[in-house]
Amino acid sequence: MKNADRRQWLKTVGLSGGFALLRGLESIAMDYPTTSPGNRVPIRLNSNENPYGPSKRVRKVLSDAFEIACRYPSINLEELVQLIAHKEGVSREHVVVTGGSTEGLKVAGLLFGKDGKEIVAADPTFQPLLTYAEKFGGRVHRVPVDKVMGHDLDAMAEKITPETGLILLCNPNNPTGTLIERGALKDFCTSFDQQAVVFSDEAYYDFITEPDYPSMVELVKREHNIIVSRTFSKVYGLAGLRIGYLIARPDIARRLKAGVMAMTNTLAIEAAKEALRDDEFYKFSILKNAEAKAYIYKILNEMGLEYIPSHTNFVFFKTGRPISGVHAAMKAENVWIGRPFPPMLQWARISTGTMEQMAQFGEALKKVLG
Ligand SMILES: Cc1ncc(COP(=O)(O)O)c(C=O)c1O
């Protein structure tokens, strides 16, 4: 199923239709025990992972792939590149496979941010591209998010100068979960991509429920100076295998490829190929995430805690108390929540989990903050 078809599917079923469908898909849930050894204790709701992955089909492929684990990844990479290119509607020359999308983020940070070049990004946002560039002499302008915790594009624009090498848009943003308004996003990208490369981190793109929300791959296809990153860690549930990819114009992709250091591995590539074919699990993940997120909202509403409506698999909410204490108290209840995100030190990020984990989170939160 191509990206657009998947998104069309979401649009067609809608969330309530989706929940009805989920009842049909519950038989799949039986294949994914709610208390697998990996997530029984502690309850890890701190890294925005997908507790159901890898899918049953991917697990089977993984165990069959042991035979080729003695081979370097080049043996099976080409087929994955073709699959990604087909899914995104680009040529294989546009695709750079990386060891998790974090490797892609770091390569871009290094390539366009090193040696005194400047990077403009929201604050708070996902850090690895920024901190990696800083280690190699890059300068980062962190622009506070606006009143509704979204990217303040006007304020970001003011920081763009001839020294700017890269502009990072994490969309939806981690940790706030906000989505940039589509018109503003396209205007911003097309207005500034001649001055600096625009990096669109779309790790959570699959969880967006706004119909036909554009991926910036659209602009890559029109030859803009834009890099898009995607990951197999979230909706596909392969975080531990480390595989992601970048989509960029072939001349940019070639430079990015040259900077890849770790690459991914043979098993991860096999897993990613099967994950792309496994539509049932893809839909299941999205619906289970929506169900868990609705539960988090319910708990926060009951407790009268402010939160930011999220387009991701986590929710950013106001604890009203210093996060360090809340973090420790939740940990004592066996529930791990996201790290502190300065300067928002009275806010917490909670990832979606299984419904059983959500119930445990609700109980713990009421105990800690109630
Ligand atoms: C916005 C964002 N981008 C990228 C990543 C990293 O994903 P990966 O596992 O592909 O390195 C994360 C992980 O949490 C993230 O939140």
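So, when I say a residue is near a molecule, I mean that one of its heavy atoms lies within 4 Å of it. Keep in mind that what you're looking at is a predicted model.

Okay, the ligand. With that cut-off, 14 residues surround the ligand, and the closest are S101, T102, Y204, T231 and S233. Let me pull out a few polar contacts. At S101 the backbone is involved: one of its polar atoms sits 2.6 Å from an oxygen atom of the ligand. Over at D201, a polar side-chain atom is 2.7 Å from a ligand nitrogen. And then there's K234, where an N or O atom in the side chain lies 2.8 Å from an oxygen atom of the ligand. So that's a backbone atom for S101, and side-chain atoms for D201 and K234.

Now some backbone geometry, for those of you who like checking torsions. Which residues does a cis peptide bond join? Well, D123 and P124 are one pair, with omega at about 0°. You'll find P124 in the loop between β3, residues 118-123, and α5, residues 128-135. P342 and P343 are also joined by a cis peptide bond, and there omega is about 5°. P343 belongs to the loop that runs between β11 (335-337) and β12 (347-351).

While we're on torsions, have a look at D212. It isn't a glycine, and yet its phi is positive, about 55°. D212 is in a loop too, between β6 (197-201) and α8 (217-221).

Right, on to helix packing. I've got three pairs to show you.

Pair one is α3, residues 74-88, with α10, residues 266-277. Their axes come within 9 Å and cross at roughly 30°. An angle under 35 degrees counts as roughly parallel, so α3 and α10 are roughly parallel to each other. The crossing of these two is left-handed. On the α3 side, the contact residues are N76, L77, E79, L80, L83, I84 and K87, and they meet T266, I269, E270, A272, K273, L276 and R277 of α10. By class, that contact has seven nonpolar, two polar and five charged residues.

Pair two is α11, residues 279-303, against α13, residues 355-369. Here the angle is about 20° and the axes are 10 Å apart, so α11 and α13 also come out roughly parallel. α11 passes α13 in a right-handed crossing. The α11 residues in the contact include Y295, I296, I299 and L300, and among those from α13 are M355, M358, F361 and L365. The class split for α11 with α13 is 12 nonpolar, one polar and four charged.

And pair three brings α13 back, this time with α12, residues 323-332. The axes are 10 Å apart again, and the angle is about 130°. That makes α12 oblique to α13. This crossing is right-handed. From α12 we have V326, A329 and M330, and from α13 we have F361, A364, L365, V368 and L369. So what's the make-up by class of the contact of α12 with α13? It has eight nonpolar residues, no polar and no charged ones.

One thing to click on before we move on: F361, L365 and L369 of α13. They're in the contact with α11, and they turn up in the contact with α12 as well.

That's my tour, so over to you.

Key: Residues are numbered from 1 along each chain as its sequence is written. This is a predicted model: local features need pLDDT of at least 70, side-chain atom pairs count only at pLDDT 80 or more; totals for chains, interfaces and linings use all residues. Side-chain values use heavy atoms; hydrogens and water are left out. Axes are lines fitted to C-alpha atoms, for helices over the stretch in contact, and angles run from 0 to 180 degrees between N-to-C directions. Helices (H or I, at least four residues) and strands (E, at least two) are DSSP runs, numbered from the N terminus. Angles under 35 degrees count as roughly parallel, over 145 as roughly antiparallel, 65 to 115 as roughly perpendicular and the rest as oblique. A crossing is left-handed if the near helix is turned anticlockwise from the far one by less than a right angle, and right-handed if clockwise. Contact means heavy atoms within 4.5 Å. Ala, Val, Leu, Ile, Met, Phe, Trp, Tyr, Cys and Pro count as nonpolar, Asp, Glu, Lys and Arg as charged, and the others, Gly among them, as polar. A polar contact is a pair of N or O atoms within 3.5 Å; within protein, one must be able to donate a hydrogen and the other to accept it, and residues adjacent in sequence count only if both atoms are side-chain atoms.
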